[in-house]
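Trainee: I'm new to this one. Could you walk me through it step by step?

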Amino acid sequence: MPRYDFRCRSCGATFELNRPMARANDPATCPEGHPDTVKLLSTVAVTGTGASAPAPAGGGGGGGCCGGGCCG
């Protein structure tokens with residue numbers, strides 16, 4: 001379930017809520033009970049080498065005269 005960050009305009013507290021995407025824009029009340037909150041823009045970064053695709057097997061070789069073996 002996605003996590004959404006909010007900030008209270010009354011007390012300045014920031015807090016997180018886990019809720020379905022269908023309810024992403026529903027109003028949220030801060031932990032102190034203030035109803036005047038705003039959803040913060042979140043960024044997501046995916047890094048690392050574990051997500052890359054494996055190299056294809058075989059000798060490879062392109063096509064055409066500079067790698068396809070047609071030029072002798």
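**Salt bridges, sheet and core**

Mentor: Let's start with one residue: Arg23 is partly exposed, with a relative accessible area of 40% (buried is under 20%, exposed over 50%, partly exposed in between, with a 1.4 Å probe and protein chains only). Keep in mind that this is a predicted model, where local features need pLDDT of at least 70 and side-chain atom pairs count only at pLDDT 80 or more, while totals for chains, interfaces and linings use all residues. Residues are numbered from 1 along each chain as its sequence is written, and side-chain values use heavy atoms, with hydrogens and water left out.

Trainee: Which residue forms a salt bridge with Arg23?

Mentor: A salt bridge needs a side-chain nitrogen of Lys or Arg within 4 Å of a carboxyl oxygen of Asp or Glu. For Arg23, the closest N and O atoms of the pair are 3.0 Å apart. The partner is partly exposed at 30% relative accessibility. So who is it? Arg23 pairs with Asp26.

Trainee: How many residues apart in sequence are the parts that Asp36 and Arg9 tie together?

Mentor: The side chains of Asp36 and Arg9 meet in a salt bridge, 3.6 Å from N to O. Asp36 sits in the loop between E2 and E3 and Arg9 in the loop between E1 and E2, so the parts they tie together are apart in sequence by 27 residues.

Trainee: What is the strand order in the open sheet?

Mentor: Strands are DSSP runs (E, at least two residues), numbered from the N terminus, and two of them pair if DSSP finds at least two bridges between them. E1 (residues 3–8) and E2 pair in the antiparallel sense over 5 bridges. E2 (14–18) and E3 (37–39) each have a single partner strand, so they stand at the edges. The order is E2-E1-E3.

Trainee: Are the rings of Phe6 and Phe15 stacked, edge-to-face or tilted?

Mentor: Rings of Phe, Tyr and Trp (its six-membered ring) pair if their centres lie within 6.5 Å; planes under 30 degrees apart count as stacked, over 60 as edge-to-face and the rest as tilted. The structure holds 1 aromatic pair. With the centres of Phe6 and Phe15 5.6 Å apart and their planes at 15 degrees, the pair is stacked.

Trainee: Which strand gives the largest share of the largest nonpolar core?

Mentor: Such a core is a set of buried Ala, Val, Leu, Ile, Met, Phe, Trp, Tyr and Cys residues joined through side-chain atoms within 4.5 Å. The largest has 7 residues, including Phe6 and Phe15. The largest share, 3 residues, comes from E1.

Methods. Helices (H or I, at least four residues) and strands (E, at least two) are DSSP runs, numbered from the N terminus.
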